[in-house]
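Here is a short briefing for a first look at a protein model. Take the overall build first, then the details by topic.

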Amino acid sequence: FQAEDGIRDKLVTGVQTCALPISKARGATVLTTISGDAKADLARKAGADHCINYRTENVGDRVMAATAKKGVDAVIDMDFSSNAKFAPAILHPRSRFVVYGNSQAEATIPSQFMLTNFIGIQYIFVYELTAQERASAVNGINKMLEGKSLINNVALTLPLAEIHAAHEAVEQGKALGNVVVTL
């Protein structure tokens with residue numbers, strides 16, 4: 001998001017590696033959902049203002065408490081099919097749900113809420129970025145890496161021969177950070 005978009009609060013779900021520090025660098029108050037203490041620690045190190053354990057806490061209640069019952073300006077999410085249902089409990093009118101992943105082929109969305117509250121759904125698929133969009137994103141990320149405001153958290157490095165183990169680590173949420181496969 002560009003700063004001129006007016007987005008100040010974000011609910012960032014499981015994307016601490018980049019979206020969380022980028023959001024913080026742009027002045028956002030960041031609420032993030034986590035599944036345990038280890039992930040909360042990583043999120044806080046990346047700059048999260050509020051960590052909400054979706055396994056033990058009511059996400060909507062916590063978001064409303066943290067935002068003085070206003071809701072967030074945007075959600076950045078990697079599993080729309082699982083999390084779209086939370087939209088009415090966390091978003092305010094004219095906010096945005098940014099989708100960059102899905103665990104299912106289809107998602108059930110609260111369409112009446114989305115329609116009557118003018119909620120935008122924006123899909124991001126990195127393979128469809130234009131050359132200019134890709135260059136801008138890479139340039140911004142590189143500047144943050146150079147300035148040490150974005151840390152590449154590598155949790156696990158495996159050789160290509162162990163690609164199955166790498167996939168399992170990601171799918172099962174065992175890796176607290178990026179999984180790198182070397183050639």
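This is a predicted model. The protein has eight helices and eight strands. Its radius of gyration is 17 Å, which agrees with the value near 16 Å for a compact globule of 183 residues. The points below go from overall build to single residues.

**Overall build**

- The C-alpha trace spans about 50 × 35 × 30 Å along its principal axes.
- Of the 183 residues, 33% are buried.
- The protein exposes about 11,000 Å². Carbon and sulfur atoms supply 54% of that area.
- Take the contacts between residues at least 6 apart in sequence: 42% of them join residues at least 24 apart.

**Nonpolar cores**

- In soluble globular proteins, nonpolar side chains tend to be buried together.
- The largest nonpolar core here holds 16 residues. Val63, Leu91 and Phe97 touch the most other members.
- Which elements each supply at least two residues of this core? They are helix 3 (59-66), strand 4 (72-77), helix 5 (87-90), strand 5 (91-99) and helix 6 (111-116).
- Strand 5 gives the largest share, three residues.
- A second core is separate and has eight residues. Among them are Ala28, Val30, Ile34 and Ala43.

**Salt bridges**

- How many salt bridges does the structure hold? There are three.
- One joins Asp49 to Lys24, with the closest N and O atoms 2.8 Å apart. This pair links distant parts of the chain, 25 residues apart. Asp49 sits in the loop between helix 2 (37-45) and strand 3 (50-53), while Lys24 belongs to helix 1 (residues 19-25).
- Both partners of that bridge are partly exposed: Asp49 has a relative accessible area of 37%, and Lys24 has 29%.
- Another salt bridge pairs Arg44 with Asp41, at 3.9 Å from N to O. Because Arg44 and Asp41 are three residues apart in helix 2, about one helical turn separates them. Asp41 is partly exposed, with a relative accessible area of 42%.
- Glu57 and Arg62 also form a salt bridge, at 2.4 Å from N to O. Glu57 is partly exposed at 29% relative accessible area. Arg62 is partly exposed too, at 26%.

**A nonpolar patch on the surface**

- Met78, Tyr100, Ile124, Phe125, Val126 and Tyr127 form a nonpolar patch on the surface. Together they have about 610 Å² of accessible area.
- Where does Tyr100 lie? It is in the loop between strand 5 and helix 6. Tyr100 is partly exposed, because its relative accessible area of 35% falls between the 20% cut-off for buried and the 50% cut-off for exposed.

**Positive phi angles**

- Most residues other than glycine have a negative phi. Two residues with a positive phi are described here.
- Lys69 is not a glycine, yet its phi is positive, about 65 degrees. Lys69 is in the loop between helix 3 and strand 4. Is Lys69 buried or exposed? Its relative accessibility is 71%, so Lys69 counts as exposed.
- Phe118 has a phi near 55 degrees, again a positive value in a residue other than glycine. Phe118 lies in the loop between helix 6 and strand 6 (120-123). Phe118 counts as exposed, at 56% relative accessibility.

**Ser95, a buried residue**

- Ser95 is part of strand 5. Why does Ser95 count as buried? Its relative accessibility is 2%, and buried means under 20%.
- Leaving out residues up to four places away in sequence, Ser95 touches Val72, Asp73, Phe118, Ile119 and Gly120. One of these contacts is Phe118, the residue with a positive phi near 55 degrees.
- Ser95 and Ser35 are 60 residues apart in sequence. In space they are 25 Å apart, C-alpha to C-alpha.

Key
Residues numbered from 1 in each chain as written. Predicted model: local features only at pLDDT ≥ 70, side-chain atom pairs only at ≥ 80, totals over all residues. Heavy atoms only, no water. Salt bridge = Lys/Arg side-chain N within 4 Å of Asp/Glu carboxyl O. Helix = DSSP H or I, 4+ residues; strand = E, 2+ residues; numbered from the N terminus. Buried < 20%, exposed > 50% of the residue type's maximum accessible area, 1.4 Å probe, protein only. Core = buried A, V, L, I, M, F, W, Y, C linked by side-chain atoms within 4.5 Å. Patch = residues over 30% accessible without salt bridge, like charges linked within 9 Å, V, L, I, M, F, W, Y side chains within 5 Å. Areas by Shrake-Rupley, 256 points an atom, 1.4 Å probe, with all protein chains shown as cover. Rg over C-alpha atoms; globule rule 2.2 N^0.38 Å. Contact = heavy atoms within 4.5 Å.
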